[in-house]
Amino acid sequence: MKLATLKSSNRNGVLVVVNRALTHCQSVPAIAHTLQDALDNWDSVEGKLHEIYYAMNQGQLQTAEIFDPEHCHSPLPRAYQWADGSAYVNHVELVRRARGAKLPAEFWTDPLMYQGGSDSFVGPRDPIVVNSEDWGVDLEAEIAVITGDVPMGATQEQSASSIRLLMLVNDVSLRNLIPSELAKGFGFFQSKPASAFSPVAITPDELGEDWHDGRVHRPLTVHINQRLFGNPNAGQDMTFNFPQLIAHAAKTRKLTAGSIIGSGTVSNKQGDLYGSSISNGGVGYCCLAEVRMYETIEIGKPKTPFLKFGDSVKIEMFDQHNQSLFGAIEQQVQPDIT
């Protein structure tokens, strides 16, 4: 099943069911006005939503409208919780190696996670708005899950059963603001502006055999300025799967339905290298920081710049038949003119 939120005068948007081909959608006010409404009452509405989805895919729903991602907000325009992990330890190891720091052994057994701002996400076609290019604007292509209610101290089995939907994420980072924030010992804040999520959120069964072990086993495709930048497999080198990340987040608190848990930047280790660009025959990257760290390791300094005003990014995932699963996140970096 595929669900989206269309923008409206209501800041929480309007829930629509989207067909598998991402061509048509149907609002469902008699079932749930918003995605959060649906998540709050998932057991009673899931079946009804799926009936609409089935009818749309069979061409049996005459009231369906054309689906346009330009009109989409993120599936949850705002959420009760947005906690982003760093499940791909290769990414963490690469960044630390470039600055001569060793990776603590516990990073392989205990996930990293930070609490992001969730009061105001941006839509998948909204711009990345910043005040200065000097802040080091970077994309981070990730996968996230939306949970139902998760009890405090949940087991991995309970955490796995809580997964309702999956999305793609662009977790934008302002790299040049990060060092001073982390030096204070209190984590990210100013260096993490609003994230954008894919036009569509999907139930795990949409992935078929590509969803197993609590991981999405499909390549995540990233373009920068219409040029292929990365295509790593999201199921490969994911040290901590989603049930592990959810259980980590719920260790000392319960999670409310509608909580979002992110994977962190998707990253594949490639042979003896810590990364390799598409042009060099590798699978590329999901963030600029990683290629810059690779360049630092190989040639002594980074040569790839961070994003500038006017630069565009595109994040998408395709199934085995080359059909877009979530629709594409397409954003352009723009200055704040408000």
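Hi everyone, let's start with one glycine: just after helix α7, G300 takes a positive phi of about 95°. Before going on, please keep in mind that this is a predicted model.

Now let's step back into the helix itself. α7 covers residues 288–299, twelve residues in total. From its first C-alpha to its last, α7 reaches 16 Å, close to the 16 Å expected at 1.5 Å a residue.

Is α7 mostly covered or mostly uncovered? It is mostly covered, with nine of its twelve residues buried. If you want to find them on your screen, the buried ones are L288, A289, E290, V291, R292, M293, Y294, E295 and T296. For those of you new to helices, an α-helix has 3.6 residues a turn, so residues three or four places apart point the same way.

Next, a pocket. The second largest pocket has a volume of about 540 Å³. Of the 23 residues lining it, those closest to its centre are F229, S277, V291, E295 and T304. You have already met two of these names, since V291 and E295 are among the buried residues of α7.

Which element gives the largest share of this lining? That is α7, with six residues. Strand β18, residues 227–230, is also involved: β18 and α7 each supply at least two residues of the lining. By type, the lining of this second largest pocket divides into twelve nonpolar, five polar and six charged residues.

Let's look at the loop that comes before our helix. G271 is found in the loop between β19, residues 259–262, and α7. Why does G271 count as exposed? Because its relative accessibility is 61%, and the cut-off for exposed is over 50%. There is also a distance to look at here: G271 and G282 are eleven residues apart along the chain, and their C-alpha atoms are separated by 9.7 Å.

Finally, the nonpolar cores. The largest one has 63 residues, and F67 and M317 touch the most other members. Helix α6, residues 242–249, gives the most to this core, with four residues. Apart from it lies another core, of 28 residues, including V28, A32, L49 and F121.

Let me finish with M317. Leaving aside its neighbours within four places in sequence, M317 is in contact with several residues, among them I143, L168, V216 and A234. Its other contacts include R218, P219 and L220, and also Q323, S324, L325 and F326.

Thanks for listening, and do have a look at M317 on your own screen!

Notes
Residues are numbered from 1 along each chain as its sequence is written. This is a predicted model: local features need pLDDT of at least 70, side-chain atom pairs count only at pLDDT 80 or more; totals for chains, interfaces and linings use all residues. Side-chain values use heavy atoms; hydrogens and water are left out. The expected span of a helix is 1.5 Å times one less than its number of residues. Buried means under 20% relative accessible area, exposed over 50%, partly exposed in between (1.4 Å probe, protein chains only). A nonpolar core is a set of buried Ala, Val, Leu, Ile, Met, Phe, Trp, Tyr and Cys residues joined through side-chain atoms within 4.5 Å. Contact means heavy atoms within 4.5 Å. On a 1 Å grid over the protein atoms alone, a cavity is a set of points where a 1.4 Å probe fits but cannot get out, and a pocket is an open set with protein on both sides within 12 Å along at least five of seven lines; lining residues have an atom within 4 Å of a point. Grid points are joined across faces, edges and corners, and a volume is the space filled by probe spheres set on the points. Ala, Val, Leu, Ile, Met, Phe, Trp, Tyr, Cys and Pro count as nonpolar, Asp, Glu, Lys and Arg as charged, and the others, Gly among them, as polar.
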